[in-house]
Amino acid sequence: MQVVDYQAKDAGETFVASLRETGFGVLVNHPIKKELVESIYKNWQQFFSHGDKEQYAFDPKKQDGFFSTDISETAKGHQQKDIKEYYHVYPWGRIPAELKAEILNYYELASNLAGELLDWVEKYSPADVAKLYSEPLSNMILDTPNTLLRVLHYPPIAGDEELGAIRAAAHEDINLLTILPAANEPGLQVQLSNGEWLDVPSDFGNLIINIGDMLQEASGGYFPSTSHRVINPEGTDASKSRISLPLFLHPRSEVVLSERHTQHSYLMERLRELGVV
């Protein structure tokens, strides 16, 4: 897995090579300011700790709002729910007034960067792979209402969790690309092709990007959607909570991914598997 300087001349080529090899790439010297991410972490930690979360309980149809630990996801193929709670941010959705301007500013900045990264992916796709894309990759996310920013809170480990439960069980993402600023605590791991788990370089300020199932589908399997997980902390770190901020890039609903699927049909299939619709 490559750590790539966003400002380097060969950044695009090196970044896409890392995505092809491991499903993950890590950017440094990128446009997302650490100070903005740090402020978001602090403000949303306050919301999860002391805010009126239930007032924003998620809408089962629209999937916006707050998801408690009681209804958190169970990863595909697993029995135990993940140890997490989270908030789904969409520009059209409900957002606490005091958090809205900052989080939507981040949503726009990260979405704009995502368009550039998708251009890199397309530019450095082999010709026989690029011809599979039904339209330019960055065009797939233009004016999309579906891109999801999830503010995740992993509470401290209390010791009474369900046996075998971890913060995020091994899973693959559904979308095209996921953009993730390094969290305020470590724990993210990616599974290599030999089955081993590797810690993702999570220095604060790093931007972690991974392939989702939709890009794997659209590229005919050329770009791998790789299993990853968030493991439980140990020792004194168990008393610390963890905030994470993944942006899941989703095409417009009608975008054709492959002969089998549009964005909408693929998303519905996966949400049914996860048990959230």
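Which side chains does a polar contact of 3.2 Å join, with E135 on one side? Keep that in mind; the tour comes to it at the second stop. The model on your screen is predicted.

**The whole chain**

Show the chain as a cartoon. You should find 7 helices and 13 strands. The chain has 277 residues, and 52% of them are buried. Now switch on the surface. About 12,700 Å² is exposed, and carbon and sulfur atoms supply 49% of that area. Then think about contacts along the chain. Take those between residues at least 6 apart in sequence: 75% of them join residues at least 24 apart.

**Stop 1: K53**

Select K53. The residue sits in the loop that runs between α2 (34–50) and β3 (65–67). Buried or exposed? K53 is buried, because its relative accessible area is 19% and the cut-off for buried is under 20%. Show side chains. A polar contact of 3.2 Å links the K53 side chain to that of E85. Leave out residues up to four places away in sequence, and K53 touches F47, F48, F66 and E85.

Stay in this loop and select Q63, which also lies between α2 and β3. Check its backbone. Phi of Q63 is near 65°, a positive value in a residue other than glycine. Q63 counts as buried, at 11% relative accessibility.

**Stop 2: E135**

Go to E135. Look for it in the loop between α4 (127–130) and α5 (137–140). E135 is buried, with a relative accessible area of 18%. Here is the reply to the opening question: the side chains of E135 and R252 are joined by a polar contact of 3.2 Å. Another polar contact, of 2.6 Å, joins the side chains of E135 and N139. Now list what E135 touches, not counting residues up to four places away in sequence: M140, R252 and V255.

**Stop 3: P96**

Select P96, in the loop between β4 (85–89) and α3. P96 counts as buried, at 0% relative accessibility. What surrounds P96, leaving aside its neighbours within four places in sequence? Its contacts are W44, F47, Y56 and Y87. F47 was named at the first stop too, as a residue that K53 touches. Next, draw a distance from P96 to D52. The two are 44 residues apart in sequence and 9.3 Å apart in space, C-alpha to C-alpha.

**Stop 4: N175**

Move on to N175. Its place is the loop between β6 (168–171) and β7 (177–181). N175 counts as buried, with a relative accessibility of 1%. Show its contacts, leaving aside neighbours within four places in sequence. They are G212, D213, M214, L215, F248, L249 and H250. Now draw a distance to H250. N175 and H250 lie 75 residues apart in sequence, yet their C-alpha atoms are 5.3 Å apart in space.

**Stop 5: the second largest pocket**

Now turn to empty space. Rolling a probe the size of a water molecule over the atoms shows where such space is left. The second largest pocket holds about 250 Å³ of space. To find its centre, select Y107, S111, N112, I141 and D143, the closest to it of the 14 lining residues. Which helix gives the most to the lining? Helix α3 (residues 97–123) does, with 6 residues. Colour the lining by class: 6 residues are nonpolar, 6 are polar and 2 are charged.

Pause at D143. This residue lies in the loop between α5 and β5 (148–154). D143 is exposed, with a relative accessible area of 74%. Its phi is near 55°, a positive value in a residue other than glycine.

**Stop 6: the largest cavity**

How many cavities of 30 Å³ or more does the structure hold? There is 1. The largest cavity has a volume of about 60 Å³. Select its lining in three steps. Begin with H30, I32, K33, K34 and V37. Add P181 and A182. Finish with F204, G205, N206 and L207. By class, this lining has 6 nonpolar, 3 polar and 2 charged residues.

Notes:
Residues are numbered from 1 along each chain as its sequence is written. This is a predicted model: local features need pLDDT of at least 70, side-chain atom pairs count only at pLDDT 80 or more; totals for chains, interfaces and linings use all residues. Side-chain values use heavy atoms; hydrogens and water are left out. On a 1 Å grid over the protein atoms alone, a cavity is a set of points where a 1.4 Å probe fits but cannot get out, and a pocket is an open set with protein on both sides within 12 Å along at least five of seven lines; lining residues have an atom within 4 Å of a point. Grid points are joined across faces, edges and corners, and a volume is the space filled by probe spheres set on the points. Helices (H or I, at least four residues) and strands (E, at least two) are DSSP runs, numbered from the N terminus. Ala, Val, Leu, Ile, Met, Phe, Trp, Tyr, Cys and Pro count as nonpolar, Asp, Glu, Lys and Arg as charged, and the others, Gly among them, as polar. Buried means under 20% relative accessible area, exposed over 50%, partly exposed in between (1.4 Å probe, protein chains only). A polar contact is a pair of N or O atoms within 3.5 Å; within protein, one must be able to donate a hydrogen and the other to accept it, and residues adjacent in sequence count only if both atoms are side-chain atoms. Contact means heavy atoms within 4.5 Å. Accessible areas come from the Shrake-Rupley method with a 1.4 Å probe; for residues, only the protein chains shown count as cover.
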